[in-house]
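Here are some exercises to work through with the structure open beside you. Try each task on your own before reading its solution.

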Amino acid sequence: MIVRQLSSMALLALLACNTTLAFADQSSRPNIVVIICDDMGYSDVGFGGAPDIRTPNLDSLAKAGTICTSGYVAHPFCGPSRMGLMTGRYPHTFGGQYNLPPVHAGMDDYNKLGIPKSETMISTVLQDAGYTTGAFGKWHLGEEADYHPNNRGFDDFYGFLGGGHNYFPEQYTGAYERQKRTGKAKINDYLLPLEHNGNPTTEDEYLTDALSKQAVRFINEASDNENPFFLYLAYNAPHAPMEATEDDLAANAHIKNQKRRVVAGMMTAVDRGVGLVTDALKKRGRFENTLVVFLSDNGGKSVFGSSNAPFRGVKGDTWEGGFRVPMFFHWPEKIPAQKFDFPVSSLDFYPTFAAVADAKIPSNKQLDGVNLLSSLVQGNNPRPNEVIFAMRHRGGYTDVSARRGDWKAVRHSNQPWRLFNITEDLSEEHDLASSNPERLEELIAAAERWSQTHETPRFFDSPGARDKWFGTNMPHFDKTFATEVGAPKLRPVSHVTDSDIAEPVVKAPRTTESGVKLKRGDSTIEHFVALEKAKWKKNGWTWNQQKAEAIFQKIDTNSDGIASGKEKKAYWSK
């Protein structure tokens, strides 16, 4: 595990080692802009290898900066990933392994929590160093006063506190008002009014464009004084609901796959916003002395049209596709234009930002990242002997991975450990565990030592996750870190492409033929078989309708001819 206790004196000493990164006075400290997307796949952006999605503004910045081809985040899904970025620590170490639940889930005790107040966030460190700070978009780190962005280091906040939001104000405003009029006690987070510094506000623009506009406002206002600024622009695109404007869909008409086209439309809006931010920096004379960092919070979801090519896995996985993300650093004349292949983590942002800001980190603050500055400039490995971890808890077992240099160990789906040379085998297809037992054992041992620093989760994202954790006596680390090899052969990796023509979505019936009203998630046998056929085709499996019908019969435990959502959940969780 990487643990650092950094003081400003140590950081200044490190900076002094490289004269190109030493700052003569306070006015030379750079502005810092972090732009983060939500559920964006590795190949959902041009510089990440997308052959179909056009992102010229992002690609221009990436080409002029350092593209981190092995950029990782601290967790393979939203909330914990952002917790890691903001605290510089793996979220597991303070009980943040799960998302905070949505308010409408009714888990009131958990809704009162967030990142522990004992964890000083990078925003507070920069604010204390004299930076003007602003956060725009998705928060997902706590909603009560103690955890609100305005009380965690941000002077200006515009956006939403939960894990997601609908995009079109004419839709979400109307839905919110209707639910409010009916007296609904807990309205879906995705429909709530946006807020500005704790006060509800109205919006009339597509959400991505609205967030870009607010970021530009912040740049203009912050540029009116001499202090540097820290801008955290957290787009929720291309996270569900999958909603793009008609103009942005039309701009991507070359993409035949309808789901992929929506992702492209949502990324077009993001790229347009990045262009506006870049233009604002240039107009205010701030561009040359601004460090811009771009990334996704985790991998994309192929079911919604995102692509993590060339990697295996999707959001939530400890395969590369779950937490290896597009990432670049842009800072004219300070960070070179290059492709940087050594592993980099979002955990590294905290010490790196503190270094360039000449900011004082609390003496008792532990960090799991490293200062990247000298490595990015000199082109060397920032962590030659250290391990990057990922861990995701599931129902009754845990997925985990550990990468050191060229080698990565993975335990997934409660199967034996696998070992890959990740620089030669990007899609994790060739298991080398049996032929390299000592290397595998070293990585498993490192992951086990890391797990000993973890705390019991402080909150869970759903009642089901909470009940599975305590009901199955998680986390079962004794089994997780048992050195087992001989995992079954994996299926070849496949990805969403622009030439795929998506079949029409199989719509769920509202009633059975006999007139019985179906609830959301229920399926008749016809609907279930149609869904299974689409799934089998997507995975390249040979279709067997008799087998699908047999599965339906097993799911339908009360033999009423309906596979209810509850029955499905019980069957697939086995």
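## Exercise 1: A buried aromatic pair

W319 is buried in this predicted model, its relative accessible area being 5%.

Task: Find out which geometry W319 and F420 adopt as an aromatic pair, and where in the chain the two residues lie.

Solution:
- Begin with the full search, which gives 29 aromatic pairs across the whole structure.
- Turn to the pair of W319 and F420: the centres are 6.2 Å apart and the planes make an angle of 65°. Planes over 60 degrees apart count as edge-to-face, so this pair is edge-to-face.
- Next, locate the partners. W319 sits in the loop between β9 (290–296) and α10 (320–323), while F420 belongs to strand β17 (residues 418–421). With their positions 101 residues apart, the pair links distant parts of the chain.
- Finally, check the burial of the partner. Buried means under 20% relative accessible area, so F420, at 0%, is buried.

## Exercise 2: Two helix contacts

Task: Work out how the axes of α7 and α9 are oriented to each other, and do likewise for α17 and α18.

Solution:
- Start with helix α7 (residues 207–222) and helix α9 (residues 258–283), whose axes come within 9 Å and cross at roughly 10°. Angles under 35 degrees count as roughly parallel, so α7 and α9 are roughly parallel to each other.
- List who meets whom. From α7, T208, D209, S212, A215, V216 and I219 take part; from α9, the partners include A269, V270, R272 and G273. Sorted by class, this contact holds nine nonpolar, three polar and two charged residues.
- Move on to helix α17 (residues 545–555) and helix α18 (residues 565–572): here the axes come within 9 Å and the crossing angle is roughly 105°. The range from 65 to 115 degrees counts as roughly perpendicular, so that is the label for α17 and α18.
- In this contact, I551, K554 and I555 of α17 meet E567, K568, Y571 and W572 of α18. The classes are four nonpolar, no polar and three charged residues.

## Exercise 3: A covered strand and its hairpin

Task: Decide whether the faces of β14 are covered or open, and describe how β14 joins β15.

Solution:
- Count the buried residues of strand β14 (residues 388–393): six of its six are buried, and the strand is mostly covered.
- Split them by face. I388, A390 and R392 lie on one side, F389, M391 and H393 on the other, and both faces are covered.
- Look at the pairing. β14 runs antiparallel to strand β15 (residues 398–404), with six bridges joining them. R392 of β14 has D399 of β15 opposite.
- Inspect the turn: four residues lie between the strands of this hairpin, and G396 has a positive phi near 90°.

## Exercise 4: The open sheet

Task: Which strands form the edges of the open sheet of 10 strands, and how does β2 pair with β12?

Solution:
- Write down the order of the sheet, β7-β6-β5-β4-β8-β1-β9-β11-β2-β12, and note that its pairing is mixed.
- Read off the edges: β7 (199–201) and β12 (338–340) each pair on one side only.
- Add the turn between neighbouring strands, which averages 15° with direction ignored.
- Zoom in on strand β2 (residues 66–68), which pairs with β12 in the parallel sense over three bridges. C68 stands opposite F340 of β12.

Definitions and conventions: Residues numbered from 1 in each chain as written. Predicted model: local features only at pLDDT ≥ 70, side-chain atom pairs only at ≥ 80, totals over all residues. Heavy atoms only, no water. Axes fitted to C-alpha atoms, helices over the stretch in contact; angles between N-to-C directions. Parallel < 35°, antiparallel > 145°, perpendicular 65-115°, else oblique. Contact = heavy atoms within 4.5 Å. Nonpolar A, V, L, I, M, F, W, Y, C, P; charged D, E, K, R; others polar. Buried < 20%, exposed > 50% of the residue type's maximum accessible area, 1.4 Å probe, protein only. Pairing = 2+ DSSP bridges. Phe/Tyr/Trp six-rings, centres within 6.5 Å; stacked < 30°, edge-to-face > 60°.
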